[in-house]
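Student: Got a minute to go through this model with me? I'd like to talk helix packing, then pockets.

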Amino acid sequence: MRALIISVDLGNPDFVAHAEEFAMLARGAGAEIVGTVTSRRDRPDAKFFIGSGKVQEAVATAGALLADIVLFDQPLSPAQQRNLEREFNLRVVDRVALILDIFALRAKSHEGKLQVELAQLQHLVTRLTRMWTHLERQRGGIGMRGPGESQLEMDRRMIGAKVKMLRERLDRVERQRVTQRRARARGGALSVSLVGYTNAGKSTLFNALTRAGAYAADQLFATLDTTTRRIWIEGTGSVVLSDTVGFIRDLPPNLIAAFRATLEETIHADVLLHVVDAASPQRDEQIAEVNKVLTEIGAGSIPTIMVHNKIDRAGLEPRIERDARGTIARVFVSATERAGLEALRGAIAEIGQIVGNNASNYQTIQSE
């Protein structure tokens, strides 16, 4: 599908990285990017998000490039989306809807599909009016009193019932997950979860540590479904390792809510491996974004090892760095080259012993 991207600079110093990331999202959804229109604003326009002059420029560009769809790199209100679609006479997809679309494309497990469908319905219910504009115009007259509103109310009730059903199913899945977690806890296994920004190489590192076959690719949100394997690490014994969904800037709140059951694996972990793309120029911003989400879901105080992955691309050597207290601060590895993995296993064993001894003074390691 031929896509025109509208990229809006609201004064964010990270604008270029934000725009590049959105383009990666678009390509990940299967779009062929035929052009980009950039707008710079102090604040969003209430009607179009961008100014009316920039809208006309973008409409002309979309026509000249034979675009099939317009991708907007900011979240739009229902009214803004509706107004833009009227101007373009094309479908307009904002950042939230694009991320939801990619999640729908990548979800493989039953649980993952339920979570994505729930998030999509919650997003859709605020945008129902634009789907029934042909009925909204039919107001007044005998036999034509409010059919649009009646249809909208019917749709809302149907979506509400479907949302309730999906939540009940996810609650059952979550209860099963709690039962499994309790069984692992009774077994005395250390629980370790991989977290990190999307495309940092979590699944590749997971495969390298467990010899599993979790899907890994050089794309955003290559995997959504939590995969868990039990491994043996000398010095700490049995370890349950979980690979979780990656984070991203401005992750839609309804997605975080929908993936609550999956993120429970992170909340209840004994240790987190925060995987960082050592070769990314935006790694500090990505670390901050992951830490923000971890705090939001209640996982900000869990003992954490910062794992700098992809050192082969960054020209770095595998090593362990410690802070002034002698505590492990960072481990540098290459999952693809399998470099530094023994050091990482040793770091897990060391912190696992601290966790096992219930060291109340242990502080979560953060990036400097």
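Tutor: Start with a definition. Axes are lines fitted to C-alpha atoms, for helices over the stretch in contact, and angles run from 0 to 180 degrees between N-to-C directions. Keep in mind that this is a predicted model.

Student: Okay. At what angle do the axes of H2 and H3 cross?

Tutor: Roughly 50°. H2 covers residues 52–64 and H3 covers residues 78–88. Their axes come within 10 Å.

Student: What do we call that orientation?

Tutor: Oblique, because the angle falls outside the ranges for roughly parallel, roughly perpendicular and roughly antiparallel.

Student: Left-handed or right-handed crossing?

Tutor: H2 passes H3 in a right-handed crossing.

Student: Which residues meet there?

Tutor: From H2, Val 55, Gln 56, Ala 58, Val 59 and Ala 62. From H3, Leu 84, Glu 87 and Phe 88. By class, that contact has 6 nonpolar, 1 polar and 1 charged residues.

Student: Switching to pockets. How much space lies in the largest pocket?

Tutor: About 490 Å³. Its lining has 23 residues. Closest to the centre are Arg 91, Val 93, Ala 97, Leu 98 and Asp 101.

Student: Which elements give two or more residues to that lining?

Tutor: Two strands and two helices: E3 (69–72), E4 (91–93), H4 (95–106) and H5 (110–124).

Student: And which gives the most?

Tutor: H5, with 5 residues.

Student: How do the lining residues divide by class?

Tutor: The lining of the largest pocket has 14 nonpolar, 4 polar and 5 charged residues.

Methods:
Residues are numbered from 1 along each chain as its sequence is written. This is a predicted model: local features need pLDDT of at least 70, side-chain atom pairs count only at pLDDT 80 or more; totals for chains, interfaces and linings use all residues. Side-chain values use heavy atoms; hydrogens and water are left out. On a 1 Å grid over the protein atoms alone, a cavity is a set of points where a 1.4 Å probe fits but cannot get out, and a pocket is an open set with protein on both sides within 12 Å along at least five of seven lines; lining residues have an atom within 4 Å of a point. Grid points are joined across faces, edges and corners, and a volume is the space filled by probe spheres set on the points. Helices (H or I, at least four residues) and strands (E, at least two) are DSSP runs, numbered from the N terminus. Ala, Val, Leu, Ile, Met, Phe, Trp, Tyr, Cys and Pro count as nonpolar, Asp, Glu, Lys and Arg as charged, and the others, Gly among them, as polar. Angles under 35 degrees count as roughly parallel, over 145 as roughly antiparallel, 65 to 115 as roughly perpendicular and the rest as oblique. A crossing is left-handed if the near helix is turned anticlockwise from the far one by less than a right angle, and right-handed if clockwise. Contact means heavy atoms within 4.5 Å.
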